[in-house]
Amino acid sequence: MAGYVGVFVSDPWLQNQFTQVELRSLKSHFMTMRRETSGGLKLADLQAKMSMIKHIRENLSEQERSSFLQDSYQNLGDEVDFELFLRVYLKLLALATERRGSGAKNASAFLKSPTSTLLHTISESEKASYVGHINNYLAEDKFLKKYLPLEPSTNDLFEIAKDGVLICKLINVAVPGTIDERAINTKRELNPWERNENHTLCLNSAKAVGCTVVNIGTQDFIEGRRHLVLGLISQIIKIQLLADLNLKKTPQLVELVDDIKDVEELMSLAPEKVLLRWMNFQMKKAGYTKTVTNFSSDVKDAEAYAHLLNVLAPEHSNPSTMKVKDPIEKAKLVLEHADRMGCKRYLTAKDIVEGCPNLNLAFVAHIFQHRNGLSTQTNQISFLETLPDDTQISREERSFRFWINSHGNSTYINNIFEDVRNGWVLLETLDKLSPGIVNWKITTKPPIKMPFRKVENCNQVVKIGRQLKFSLVNIAGNDIVQGNKKLILAYLWQLMRFNILQLLKNLRFHSHGKEIFDADILEWANSKVRNSGGQTRMASFKDKSLSDGKYFLELLSAVLPRSVDWSLVTKGESDEEKKMNATYIISIARKLGCSIFLLPEDIIEVNFTYSVMYFMKLCLLFHWNSFI
């Protein structure tokens, strides 16, 4: 089995109108229609075939659908591909919505979510906790403070999230500097286009900080789909609370390993795994013999919390906590202890006893941030200073990791060099980018105990790479199994590049699917800037003059003239001015629909890898914008 495979749509505007659940449902309808039509599905066929979709059938007659198609399209003999089908569907949906407003049939309560068949519920405890977090961290925001504090018992959170500003601001709290707030549309009344830009900016920025957003689009914000909006907020807050759980931010974490040789293993762990290891390390000091392996069933009796807090803040302990047998009472005493320490609760005693994993994780992560109880005088910390500073490799690992996670694979990657070593996630990604290219019959799904099975998976990864004409000199499957950093990064760079070039080549309005080279992208970018009256030119993707950002901004302005506010652009002379321009460039590109994973430093330093990616994505974006 290949695992879950999402429905891919090359047009980012269309991609943002649907969740993956909706796309899968619509793709199923589309494939059924095509199978039932000999000679290919034509626009004219849709007047009858769209009756397969219940709310279209109930609200629009076949005659109304026929009239709409005749008025909207000149040639009803045109063949319908999936993306054209989606465009017709959206227009019919808008027409059906008008009819509903004037008394059309509406037996379904789910028409706001056209293809949904399930009622999604949310945790009121989680909502209240996240509202409290937002009220606390965004209380002084100049734009939002007039709307805060939000009331946890209402749906105010989902209403205020509809314009996209709140989520953008929350991302910046979690990972400061991700979004240049000058790029956020913050007028009191936003038109639909401006609102859509904010949603696109926040979704692409959320991907860039490590959120998985394959099942949420801009329409979900507009319609206030609570489970999806709350799910995204939960991921953002989790990223914020776990931000310090790495050796770079908290070098004292080396105290958790007995042997300095284990430091590399610690560095490769997911943040929540590090948090669990820290928790067990501290509780062991108090004589707690059980090992906590999760933030749900293992903490339900509140016993682990009682020991943890006694170790971290013995001056605030209450002897009664250890004696109480009733879990609810013990949980209440634990939370009172946390209050005396000055920790935010994030959960109730009931949440502890019920084992709510998200809120328990948030609670423990906040305790770690507030008081981790680790020593600053260990020999291991001085050892860390002797480790090589692989800043560039670290940045590239981060970008590729977030890019792979953005595809919604079954395995979430926490460390590229560790998590791709069994080959499985690379095979999943390859199959997403080129469906059918993986021979799943000869693969082994994790967990994989036998080393040679990992080699077999990775051998197929390399074989497919060669099939796709990657340059893979002196690389074999075993290099991936061994975690060879440079070779893994080289493979991923070519995989990402292949993805973008395929999208460009497959656009039906491009030059008959011809292959595209870097020189084509360079010429396209220069001609766009020149034709729009720009004053700059790029000699190559390594041109050091790109570091001030002006060329990127002129190119963005050429793609969409109103996208750049030139009054906000600096001269790009000092390092600070260059960084301001670079941050603005990235946010504007994301706002226009580019899903990019570079940092301001990549622009300032003219990182060749990311320069090429950036220009290819802008090229792709231009073609989409000219077509919509």
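Tutor: Before we begin, one term: a residue counts as buried when its relative accessible area is under 20%. Please also bear in mind that this model is predicted.

Student: Then let us use that on helix 15. Which of its residues are buried?

Tutor: The buried residues of helix 15 are A304, Y305, A306, H307, L308, L309 and L312. That is seven of the 10 residues in the stretch 303-312, so the helix is largely enclosed by the rest of the structure.

Student: What covers the buried residues of helix 15?

Tutor: The cover includes helix 14 (271-285), helix 16 (320-323), helix 17 (327-341), helix 18 (349-354) and helix 19 (357-370).

Student: How many helices and strands are there in the protein?

Tutor: The protein has 31 helices and zero strands. Of its 628 residues, 54% are buried.

Student: And what about contacts between residues distant in sequence?

Tutor: Taking the contacts with a separation of 6 or more, 62% are between residues 24 or more positions apart.

Student: What does the accessible surface come to?

Tutor: It comes to about 28,500 Å², and carbon and sulfur atoms contribute 51% of that.

Student: Turning to the interior, which residues of the largest nonpolar core touch the most other members?

Tutor: They are L232, L275, W278 and M279, in a core of 119 residues. There is also a second, separate core of 38 residues, which includes F402, V420, W424 and I500.

Student: What does W278 touch, leaving out residues up to four places away in sequence?

Tutor: W278 touches L256, L308, L312, V364, I367, F368, R371, N372 and L374. Two of those, L308 and L312, are among the buried residues of helix 15.

Student: Now H133. Is that residue buried or exposed?

Tutor: H133 is buried, because its relative accessible area is 2%, which is under the 20% cut-off. It lies in helix 7, residues 124-137.

Student: Which side chain does H133 join through a polar contact?

Tutor: The partner is Y346, and the contact between the two side chains is 2.7 Å. Apart from residues up to four places away in sequence, H133 touches L170, I237, Q240, L241 and Y346.

Student: There is another histidine, H227. Where is it found?

Tutor: H227 is found in helix 12, residues 226-241. With a relative accessible area of 26%, H227 is partly exposed. Its C-alpha is 6.5 Å from that of T121, although the two residues are 106 apart in sequence.

Student: And K591, buried or exposed?

Tutor: K591 is buried, with a relative accessible area of 10%. This lysine is in helix 29, residues 575-592.

Student: What does K591 touch, beyond residues up to four places away in sequence?

Tutor: The residues are A183, N185, E197, T200 and L201. For K591 and N185, 406 residues apart in sequence, the C-alpha to C-alpha distance is 9.9 Å.

Student: Last topic: at what angle do helix 27 and helix 28 pack?

Tutor: Helix 27 (residues 518-531) and helix 28 (residues 550-559) pack at about 75 degrees, and their axes are 9 Å apart. The two helices are therefore roughly perpendicular to each other.

Student: Which residues meet where helix 27 and helix 28 pack?

Tutor: From helix 27 there are W524, A525, N526, K528 and V529, and these meet Y551, E554, L555, A558 and V559 in helix 28.

Key. Residues are numbered from 1 along each chain as its sequence is written. This is a predicted model: local features need pLDDT of at least 70, side-chain atom pairs count only at pLDDT 80 or more; totals for chains, interfaces and linings use all residues. Side-chain values use heavy atoms; hydrogens and water are left out. Helices (H or I, at least four residues) and strands (E, at least two) are DSSP runs, numbered from the N terminus. Buried means under 20% relative accessible area, exposed over 50%, partly exposed in between (1.4 Å probe, protein chains only). Contact means heavy atoms within 4.5 Å. Accessible areas come from the Shrake-Rupley method with a 1.4 Å probe; for residues, only the protein chains shown count as cover. A polar contact is a pair of N or O atoms within 3.5 Å; within protein, one must be able to donate a hydrogen and the other to accept it, and residues adjacent in sequence count only if both atoms are side-chain atoms. A nonpolar core is a set of buried Ala, Val, Leu, Ile, Met, Phe, Trp, Tyr and Cys residues joined through side-chain atoms within 4.5 Å. Axes are lines fitted to C-alpha atoms, for helices over the stretch in contact, and angles run from 0 to 180 degrees between N-to-C directions. Angles under 35 degrees count as roughly parallel, over 145 as roughly antiparallel, 65 to 115 as roughly perpendicular and the rest as oblique.
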